[in-house]
Amino acid sequence: MPRNPASPLQRGMWINELAGSGTAYQMPLAITFEGSLDVPALLAACTAVLDRHELLGAAFQEDDGELLIVRADIPPTVAHGPEQPPDFDVRWGPLARFTLTETGPDRHRLLFVAHHLVFDGMSKDILVRDLAALYAGRPVAPAAPPYGEVIQAERERVEEALPAAETFWKARWRDQFEVFTPGGETTASRRPGPGASVAALSGLPDPGDLGVTTFEHVLTALHALLHRYGPREPIISVDLSTRGPETAETVGLLVNELPVVARPEPGGTFRELAHQVRDELRAVYGFREVPLARALGGLSPRGSLTPVSVSYRRRGPDPDFPGLTVDVDWAMFNGGARGALHLQAVEGPGTLDAWLRYDPRVLSGEDAALVAADLRAVLGQPPDTPLSELVLPSSGARTSQVQPALPAAVAAAAPPEIVEGVARIWCDVLRLKHVGPHEDLFDLGGHSMSIINIIARIDKQYGVELPMDVFFDNPTVEGVAEAVAQASIHSGA
């Protein structure tokens, strides 16, 4: 595998991973087999799948500030035995693993887990299809082009689209971390953490004569809920595939998260909102390959662009493993949360299953269940119902709120000598002549290795070791200097 530059999407995820994301970026997939399974044939098929899709054998390392995709020192594994928690290391590997476990007489479970850096939702379809074909001895699709070529072509398209994307997003984007739910308003964390899950939908909702897709129908319903809970113009981030015909067979990270803003009119109906969301989503789709941070700048790395997000995909047909009854868990929960509330939906032939993954620091389980009930209720009401008259089960329910976090104590201003010292460290590490106290590290070209070097220099000069998340919460000289001052007080330095 040649050393190739990583994509902008991979870089953002890499930085979050260095700060500690737990299981939030793990992508599990489980296949249950009932019948007389040919174990050696299945294990051989797993090995062949790993060999076939080169990115599954990759790791990620920085070289002079550039994130590179390299061959993992520890390759992905195929195991036969008890399941174990994945032990992924983004620098050295492995980033993918198969484990086959016997769960009963003529019953087996194959668990595949990959890091999101090398895998996405559509990759699941490719992997399961290839696995079934290789097990059965059927021909597989032609191999995908090398991943380096895919990323290079994507980079060229992104550069060409950047000026138009910048104009488009400047008129739409606003940063927010407030979350409005049936239990009230609170603030979401910027960082991934442990999560929980509740079932939201089972079965395709009937859009009637709305003139929108099922995805647009569901997205509109979630926008309508957020509007009723509080914000006048709710904003939801949506995972959009960046795949084209040339990447239809590529296993990798080919999805971009972009915000969709709704602006409900006073007295407007659900139908009117659905058409507005449809039009906005399709306008956003025109810039689906351009990361928001590239178009605007000044966005610190975070688990999710906005507190509420959606991933929705249409999967392929059920796989055919000869002589076996097969059940695939296409949306297996990884136990993590990248934002306050995430709707994960998978549409199959004549089916739709969706779950709300949520951050227990922000929502209680009761509130999450009420959001799910509200979503189902809105999808079942007549489309010409005014938004203000939508019947929500949560309106008459008593919720057990997660208490909103108390406002953080205002940090005392750092002494001028610490601000000046931190600024000098930034200038040395970033190779700049001057850095202002309020300039953003990432706007200045900072990256994960820059942060590591700054942390080391601060430790040497001030005797305090800052956590990496300080640079995500307030990535300015003044913000870091305040953290140094606070850490010095606590350590007695």
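Aspartate 106 sits in the loop between β6 and β7 (107–115) of this predicted model. Its phi is positive, about 55°, although aspartate 106 is not a glycine. The residue counts as exposed, because its relative accessibility is 51% and the cut-off for exposed is over 50%.

Arginine 431 repeats the theme in another loop, the one between α9 (416–430) and α10 (448–462). Here phi is about 60°, again positive and again not at a glycine. Arginine 431 is exposed, with a relative accessible area of 71%. For context, most residues other than glycine have a negative phi, and most peptide bonds are trans.

The backbone has a cis peptide bond too. It joins glycine 93 and proline 94, with omega at about -5°. Proline 94 belongs to the loop between β5 (77–80) and β6 (96–104).

**Helix crossings**

Two packed helices are described by the angle between their axes and the distance between the axes. Three pairs are listed below.

| Helix pair | Axis distance | Crossing angle |
|---|---|---|
| α5 (residues 214–229) and α8 (residues 365–379) | within 9 Å | roughly 120° |
| α5 and α6 | within 9 Å | roughly 115° |
| α2 (residues 39–52) and α3 (residues 121–136) | within 9 Å | roughly 130° |

Take α5 and α8. Their axes cross at roughly 120°, which means α5 is oblique to α8. The crossing is right-handed. On the α5 side, the contact uses His217, Val218, Ala221, Leu222, Leu225 and Tyr229. On the α8 side, Leu370, Val371, Asp374, Leu375, Val378 and Leu379 take part. By class, this contact has 10 nonpolar, 1 polar and 1 charged residues.

Helix α5 also meets α6, with axes crossing at roughly 115°. That makes α5 roughly perpendicular to α6. This crossing is right-handed. From α5 come Phe215, Glu216, His217, Leu219, Thr220, Ala221, His223 and Ala224. From α6 come Phe270, Leu273, Ala274, Val277, Arg278, Leu281 and Arg282. The contact of α5 with α6 comprises 9 nonpolar, 3 polar and 3 charged residues. His217 and Ala221 of α5 appear in the contact with α8 and in the contact with α6.

The third pair is α2 and α3, whose axes cross at roughly 130°. The angle makes α2 oblique to α3. Helix α2 passes α3 in a right-handed crossing. Helix α2 supplies Ala41, Leu42, Ala45, Cys46, Ala48, Val49 and Arg52. Helix α3 supplies Leu127, Arg129, Asp130, Leu131, Leu134 and Tyr135. The class count for α2 with α3 is 10 nonpolar, no polar and 3 charged residues.

**Buried residues**

Glutamate 280 lies in helix α6 (residues 270–285). The residue is buried, because its relative accessible area is 10% and buried means under 20%. Its side chain makes a polar contact with the side chain of arginine 172, at 2.7 Å. Leaving out residues up to four places away in sequence, glutamate 280 touches Phe168, Arg172, Val260 and Val261. Arg172 is thus named both as a touching residue and as the polar partner.

Alanine 340 lies in the loop between β16 (336–337) and β17 (341–348). The residue is buried, with a relative accessible area of 0%. Beyond its neighbours within four places in sequence, alanine 340 is in contact with Val179, Ala188, Pro307, Arg357, Tyr358, Asp359, Val362 and Leu363. Alanine 340 and arginine 191 are 149 residues apart in sequence, with their C-alpha atoms 9.9 Å apart in space.

Threonine 385 is placed in the loop between α8 and α9. At 12% relative accessibility, threonine 385 counts as buried. Its side chain reaches the backbone oxygen of proline 382 at 2.8 Å. Setting aside residues up to four places away in sequence, threonine 385 touches Thr269, Phe270 and Leu390. Phe270 also features in the contact of α6 with α5.

Note on methods. Residues are numbered from 1 along each chain as its sequence is written. This is a predicted model: local features need pLDDT of at least 70, side-chain atom pairs count only at pLDDT 80 or more; totals for chains, interfaces and linings use all residues. Side-chain values use heavy atoms; hydrogens and water are left out. Axes are lines fitted to C-alpha atoms, for helices over the stretch in contact, and angles run from 0 to 180 degrees between N-to-C directions. Helices (H or I, at least four residues) and strands (E, at least two) are DSSP runs, numbered from the N terminus. Angles under 35 degrees count as roughly parallel, over 145 as roughly antiparallel, 65 to 115 as roughly perpendicular and the rest as oblique. A crossing is left-handed if the near helix is turned anticlockwise from the far one by less than a right angle, and right-handed if clockwise. Contact means heavy atoms within 4.5 Å. Ala, Val, Leu, Ile, Met, Phe, Trp, Tyr, Cys and Pro count as nonpolar, Asp, Glu, Lys and Arg as charged, and the others, Gly among them, as polar. Buried means under 20% relative accessible area, exposed over 50%, partly exposed in between (1.4 Å probe, protein chains only). A polar contact is a pair of N or O atoms within 3.5 Å; within protein, one must be able to donate a hydrogen and the other to accept it, and residues adjacent in sequence count only if both atoms are side-chain atoms.
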